[in-house]
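Reader: I am in my first year and would like to look closely at a single part of this model, the largest pocket. Could you take me slowly through what surrounds it and how those surroundings are arranged?

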Amino acid sequence: MTPMLIAGTAIVNPALVFYTVGIIIEQRRHRVTTPVLTFLTLGVLFDITATACMIIGSTKSPFSLHGILGYSSLIAMAVETALVWRHRRGRREAEVPRGLHLYTRLAYTWWIFAYITGAILVMGRR
């Protein structure tokens, strides 16, 4: 593994933690709060950084099955984070509507699926 791939692999783990904490808080409280926005935003930033490192460090096509899973899950989480920011705009905190609550679960599940497939690929290379 190239140093850039190793960096991407290391950076995606904090993204997992940030996404998970933000999603758990939102799903339990059914509210968009500052911690939810902070954790989700950090998750997206770390995810973008990790994805860029993996693209740069990989010798394979960026359009592999895992690549497409990863890009689509990153987009899903970025959209989710933007929707949550938009929903809370101008308020200290806001109750999450049912549709957004469901989309959050779906986007996060998709992201976890992409994360697990990447982990399986890395373990398979050893």
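Author: Four helices, α1 (3-29), α2 (34-57), α3 (65-88) and α4 (98-124), each give at least two residues to the lining of the largest pocket, and please keep in mind throughout that this is a predicted model. Among these contributions, the largest share of the lining comes from α4, with seven residues. In total 31 residues line the largest pocket, and if you want to find its centre in the view, look for L5, M54, H66, G118 and L121, which are the lining residues that lie nearest to it. The space in the largest pocket comes to about 780 Å³. As for the character of the lining, its residues divide into 14 nonpolar, 14 polar and three charged.

With the lining in view, we can turn to how the helices that supply it are packed. Two packed helices are described by the angle between their axes and by the distance between those axes. For α1 and α2, the axes come within 7 Å and cross at roughly 160°. Angles over 145 degrees count as roughly antiparallel, and α1 is therefore roughly antiparallel to α2. The crossing in which α1 passes α2 is left-handed, and the residues of the contact of α1 with α2 are made up of 23 nonpolar, six polar and two charged.

The other pair to follow is α3 and α4, whose axes lie 9 Å apart and whose packing angle is about 150°. By the same reasoning, α3 and α4 are roughly antiparallel to each other. Here, too, the crossing is left-handed as α3 passes α4, while the contact of α3 with α4 consists of 16 nonpolar residues, eight polar ones and one charged.

Since α4 gives the largest share of the lining, it is worth following this helix a little further, to a detail of its side chains. Five aromatic pairs are found when the whole structure is searched. One of the pairs joins W111 and Y115, whose ring centres are 5.6 Å apart and whose planes stand at 20°, so this pair is stacked. Because W111 and Y115 are four residues apart in helix α4, about one helical turn separates them.

Conventions:
Residues are numbered from 1 along each chain as its sequence is written. This is a predicted model: local features need pLDDT of at least 70, side-chain atom pairs count only at pLDDT 80 or more; totals for chains, interfaces and linings use all residues. Side-chain values use heavy atoms; hydrogens and water are left out. On a 1 Å grid over the protein atoms alone, a cavity is a set of points where a 1.4 Å probe fits but cannot get out, and a pocket is an open set with protein on both sides within 12 Å along at least five of seven lines; lining residues have an atom within 4 Å of a point. Grid points are joined across faces, edges and corners, and a volume is the space filled by probe spheres set on the points. Ala, Val, Leu, Ile, Met, Phe, Trp, Tyr, Cys and Pro count as nonpolar, Asp, Glu, Lys and Arg as charged, and the others, Gly among them, as polar. Axes are lines fitted to C-alpha atoms, for helices over the stretch in contact, and angles run from 0 to 180 degrees between N-to-C directions. Angles under 35 degrees count as roughly parallel, over 145 as roughly antiparallel, 65 to 115 as roughly perpendicular and the rest as oblique. A crossing is left-handed if the near helix is turned anticlockwise from the far one by less than a right angle, and right-handed if clockwise. Rings of Phe, Tyr and Trp (its six-membered ring) pair if their centres lie within 6.5 Å; planes under 30 degrees apart count as stacked, over 60 as edge-to-face and the rest as tilted.
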